[in-house]
Amino acid sequence: MPLTPEQRITLHGFNNLTKSLSFNMYDICYTQTKQEREAYLEYIDEQYNSDRLRSILKHVADIIGAHVLNVAQQDYVPQGASVTLLVSEGPIVEVPQESYTESPGPLPESVVMQLDKSHITVHTYPEYHPDEGISTFRADIDVSTCGEISPLKALNYLIRSFDTDIMTIDYRVRGFTRDIEGNKLFIDHDISSIQNYIPEEIKDLYHMIDVNVYQENIFHTKCKLRKFDLNNYLFGYTKDKLRPEEVESITDRLQTEMDEIFYGRTISSGSIDQMM
């Protein structure tokens, strides 16, 4: 017999379930020259330095009701940054039933959640194609919690915090906890798709694919922007400065780059039609 939310939180001791959210975002840019590439990487390093990333992660901690115990951050040379937050249970003593629903989580103004000892991390990875045509910025954010609340409630805010062309999102529940009768619970909330934690106005912007292993409590969603406007991918100028053949060539290179990241494989001519 399925357990109600009220029964699920009547546990024998502490909730030992570990819930892990991995959020990977990609920003793609066309950088035709070495100077453009260096300018783009400098912009990314300034936009997503460790101080800005620390602020984002602290908002995540607020959303899930956590106390920050320790912060470690580092800006790397020549580029990139990392931040790790060790967090513990927040001051809220009642876990709201809303934590059991599949719905987008709050923004930082609405702190309604709780968790126990856990961590939140972010690492950035600026990189570029060797012939300097494509530059890619990737950020990996991991939110790991113990207790009733799912870190998926932070996903809405994370998506809004980054300028994202492609997102890869993984969620997994590990371990087990027990109810007061000693029965093992391997998950304490219903979930059919990560997409249900993303607002409709954001979902409308992306093409999405799910790969879920329900019996193992493993959920995977990847997203790619539906609309392509070349001007959004040129750094420092617009497409009206390009010849028509340049527009076609650059568009093809950018879309191939995005498709390869989205599908997770190197793509030859005609491969996309076979995947769809």
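## Strands, rings and buried polar groups

The charged end of Lys222 sits over the ring of Phe262, 5.6 Å from the ring centre. The term requires NZ of Lys or CZ of Arg within 6 Å of the ring centre and within 35 degrees of the ring normal. Lys184 does likewise: its charged end sits over the ring of Phe176, 5.5 Å from the centre.

This is a predicted model, in which local features need pLDDT of at least 70, side-chain atom pairs count only at pLDDT 80 or more, and totals for chains, interfaces and linings use all residues. Residues are numbered from 1 along each chain as its sequence is written, and side-chain values use heavy atoms, with hydrogens and water left out.

**Overall make-up**

The chain holds seven helices and 10 strands. Both are DSSP runs, numbered from the N terminus: helices are H or I with at least four residues, strands are E with at least two. Of the 276 residues in the chain, 48% are buried. Buried means under 20% relative accessible area, exposed over 50%, and partly exposed in between, with a 1.4 Å probe and protein chains only. Among contacts with a separation of 6 or more, 71% come from residues 24 or more positions apart. A contact here means heavy atoms within 4.5 Å.

**Strand pairing**

Strands count as paired if DSSP finds at least two bridges between them. The table gives four such pairings.

| Strands | Sense | Bridges |
|---|---|---|
| Strand 1 and strand 5 | antiparallel | 13 bridges |
| Strand 4 and strand 5 | antiparallel | 10 bridges |
| Strand 1 and strand 6 | antiparallel | Nine bridges |
| Strand 6 and strand 10 | antiparallel | Seven bridges |

Individual bridges can be traced across these pairings. Thr18 has Cys146 of strand 5 as its bridge partner. Glu127 is matched with Thr136, also in strand 5. Tyr26 stands opposite Ile166 in strand 6. Ile166 in turn stands opposite Lys224 in strand 10.

Why is strand 5 described as largely enclosed by the rest of the structure? Of its 13 residues (134-146), 10 are buried, so the strand is largely enclosed. In a regular strand the side chains alternate between the two faces of the sheet.

**Aromatic pairs**

There are 10 aromatic pairs by the ring rule. That rule takes rings of Phe, Tyr and Trp (its six-membered ring) with centres within 6.5 Å; planes under 30 degrees apart are stacked, over 60 edge-to-face, and the rest tilted. Phe23 and Phe162 form one tilted pair, because their ring centres are 6.4 Å apart and their planes lie at 50°. Phe23 belongs to strand 1 (residues 18-30), while Phe162 lies in the loop between helix 4 (155-161) and strand 6 (166-174), so the pair ties together parts that are 139 residues apart in sequence. Both rings belong to buried residues: Phe23 has a relative accessible area of 0%, and Phe162 has 6%. Ring pairs also build a cluster of Phe23, Tyr48, Phe137 and Phe162.

**Buried polar residues**

Asn24 is located in strand 1. Its relative accessible area is 12%, so Asn24 is buried. Which side chain does the side chain of Asn24 meet in a polar contact? The partner is Asp140, at 2.7 Å. A polar contact is a pair of N or O atoms within 3.5 Å; within protein, one must be able to donate a hydrogen and the other to accept it, and residues adjacent in sequence count only if both atoms are side-chain atoms. Leaving aside residues up to four places away in sequence, Asn24 touches Ala139, Asp140, Ile166, Met167, Thr168 and Asp170.

Asp188 lies in the loop between strand 8 (184-185) and helix 5 (200-203). Asp188 is buried at 1% relative accessible area. Its side chain makes a polar contact of 2.8 Å with the side chain of Lys19.

Ser118 is part of strand 4. Ser118 is buried too, at 7%. Its neighbours, not counting residues up to four places away in sequence, are Leu85, Leu86, Val87, Ser144, Thr145 and Cys146. Val68 is 50 residues from Ser118 in sequence, and their C-alpha atoms are 9.7 Å apart.

**Cysteines**

How many disulfides does the model contain? The count is zero, where a disulfide is a pair of cysteine sulfur atoms within 2.5 Å. Cys29 is buried, with 4% relative accessible area. Cys223 is buried as well, at 0%.
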